[in-house]
Amino acid sequence: SRADGPGHCDRGDLVQVIGIAGTAKNTGKTTTTASIISQWQAPRALAVTSIGYDGESRDNVTGLPKPRLHLPAGALVVTADKCLGAGSARLENLEKTELATPLGRLVISRVRQGGLAVLAGPNSLSALKFCISRLRGLGTKLLLVDGALGRLAPMAAGLVLATGAARSRDLKRLAQETGAFAALLNLPRAEEPQEPALRLGSMLVEEDGREYARAARGYKTVVFTGVAEQKPLARFLEGLSSVPALVFADPTKLLFSADLVETAALLRGYRTRGGRVGVVNPLPLKGVTINPFFPDFDEADYRYAPGYVDALALHEAIARSVSVPVVDVIRQGGEELAKILDLE
């Protein structure tokens, strides 16, 4: 990496926001974040936070050790004030904000001595926006946000998705599901709605889908501002008498589905019929990281032990299912991730 920031083009005071999200606990989200940090050689232009709490040394369900995040001297960190003394990093507090979290108010700090940090960052989109505005004024060029997909969508320039055996040891099913994640995350930005346009909220039960299909008659565009579950979406598409353009607020509104594979297939079939599908706020998937580890429960001892699937088989299965790069950060290191995110 060079010291002139992400992308190495003239972006003024723009903060590039990269989200790191996992498909389940123990899929390698923290290891992925640490790998990106290790490749960034301008610490004072780096900031790190988490949507939610991250940093415990052991998993609170399995009791197994968890990787922890080491922050370099010079980096900025956004975390709750009750977490400031919980790690080994020495922090200088620059601003204590009025933004409240369950662990106290958010504080923006500079790492004066590198070490482990415990993160409990913004828990709303408005709080994340506020923090980004403050970080911009402190010279941040890259902000890594570890956390929830739904809150990342309107802010992140790209996403790295961590998945692995902790999500499923059935590699065929895991590959299908990761392919569905990728297809939904990479839906294109929607064109300007053709009028007349119908604006609707969430589709959570099947009757919503039937009712919305009836309401959509005569409209050229249907805009959904809320969550679309798979079964109501199927009823909606079945009931349409025409092929209007479908616009979703962001791709994460489709990721709460009980069956991601079926949701992706439904929208793929709709596009085959000539329908356009897009999102207002894209969250482009830049790459997938994989982790062969899973917590293996031993019923005889009534405890968890580390288990692993075949790493090469996992890599091959996921790589066949997506069109973005797939990286095993333990075997391959962070260099591949740096290339994917244009950090060199």
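The legends below describe close-up views of a predicted model.

**Figure 1. The whole chain holds 10 helices and 19 strands.** Of the 344 residues in the chain, 52% are buried. Among the contacts with a separation of 6 or more, 74% are between residues 24 or more positions apart. The chain exposes about 15,100 Å², and carbon and sulfur atoms supply 49% of that area.

**Figure 2. Nine strands form an open sheet with mixed pairing.** The order across the sheet is S6-S7-S5-S2-S10-S1-S11-S16-S19. S6 and strand S19 (326-327) are the edge strands; each has a single partner strand, so one side of each is left without a neighbour in the sheet. At the S19 edge, strand S16 (residues 285-291) runs parallel to S19 and is joined to it by 2 bridges. Val-288 stands opposite Val-326 in S19. Two helices pack on this sheet, as the next view shows.

**Figure 3. Helices H2 and H4 pack on the sheet of mixed pairing.** Helix H2 (residues 125-137) touches S1, strand S2 (46-50), S5, S6, S7 and strand S10 (142-146). The direction of H2 makes about 145° with that of S6. H4 touches strand S11 (158-164) and S16. The direction of H4 makes about 170° with that of S11.

**Figure 4. Strand S7 lies between S6 and S5 in the sheet order.** Strand S7 (residues 104-113) is mostly covered, with 7 of its 10 residues buried. On the S5 side, strand S5 (residues 76-80) runs antiparallel to S7 and is joined to it by 5 bridges. Here Thr-79 stands opposite Val-107 in S7. On the S6 side, strand S6 (residues 90-101) is also antiparallel to S7, with 8 bridges between the two. S6 and S7 form a hairpin in which 2 residues separate the strands. Thr-101 of S6 stands opposite Gly-104 in S7.

**Figure 5. Four strands form a second open sheet, with parallel pairing.** The order in this sheet is S12-S13-S14-S15. Its edge strands are strand S12 (197-200) and strand S15 (277-279), each of which pairs on one side only. From one strand to the next, the twist averages 20°. Strand S14 (residues 245-248) pairs with S15 in the parallel sense over 3 bridges. The bridge partner of Phe-248 in S15 is Val-279.

**Figure 6. Helix H5 has buried residues along one face.** In helix H5 (residues 206-215), the buried residues are Asp-208, Gly-209, Tyr-212 and Ala-213. Seen down the axis of H5, these residues fall within an arc of 130°, so they line one face of the helix. Their cover includes S12, strand S13 (221-224) and helix H6 (230-239). Tyr-212 returns in the next view as a member of an aromatic cluster.

**Figure 7. Tyr-212, Phe-224, Phe-236 and Phe-248 form one aromatic cluster.** A search of the whole structure finds 4 aromatic pairs. One of them joins Tyr-212 and Phe-224 in a tilted arrangement, with 6.4 Å centre to centre and 45° between the planes. Tyr-212 lies in helix H5 and Phe-224 in strand S13, so this pair ties together parts that are 12 residues apart in sequence. Both Tyr-212 and Phe-224 are buried. Phe-224 also pairs with Phe-248, and these rings are stacked: 5.2 Å centre to centre, 15° between the planes. Because Phe-224 lies in strand S13 and Phe-248 in strand S14, the pair ties together parts that are 24 residues apart in sequence. Phe-224 and Phe-248 are both buried.

**Figure 8. Two loops hold backbone features: a cis peptide bond and a positive phi.** Most residues other than glycine have a negative phi, and most peptide bonds are trans. The cis peptide bond joins Glu-195 and Pro-196, with omega about 0°. Pro-196 is found in the loop between helix H4 (171-185) and S12. The positive phi belongs to Asn-26, where the value is near 70°. Asn-26 lies in the loop between strand S1 (16-22) and helix H1 (29-39). Asn-26 is partly exposed, and its relative accessible area is 21%.

Technical notes:
Residues numbered from 1 in each chain as written. Predicted model: local features only at pLDDT ≥ 70, side-chain atom pairs only at ≥ 80, totals over all residues. Heavy atoms only, no water. Pairing = 2+ DSSP bridges. Axes fitted to C-alpha atoms, helices over the stretch in contact; angles between N-to-C directions. Buried < 20%, exposed > 50% of the residue type's maximum accessible area, 1.4 Å probe, protein only. Contact = heavy atoms within 4.5 Å. Areas by Shrake-Rupley, 256 points an atom, 1.4 Å probe, with all protein chains shown as cover. Arc of directions from axis to C-beta. Phe/Tyr/Trp six-rings, centres within 6.5 Å; stacked < 30°, edge-to-face > 60°.
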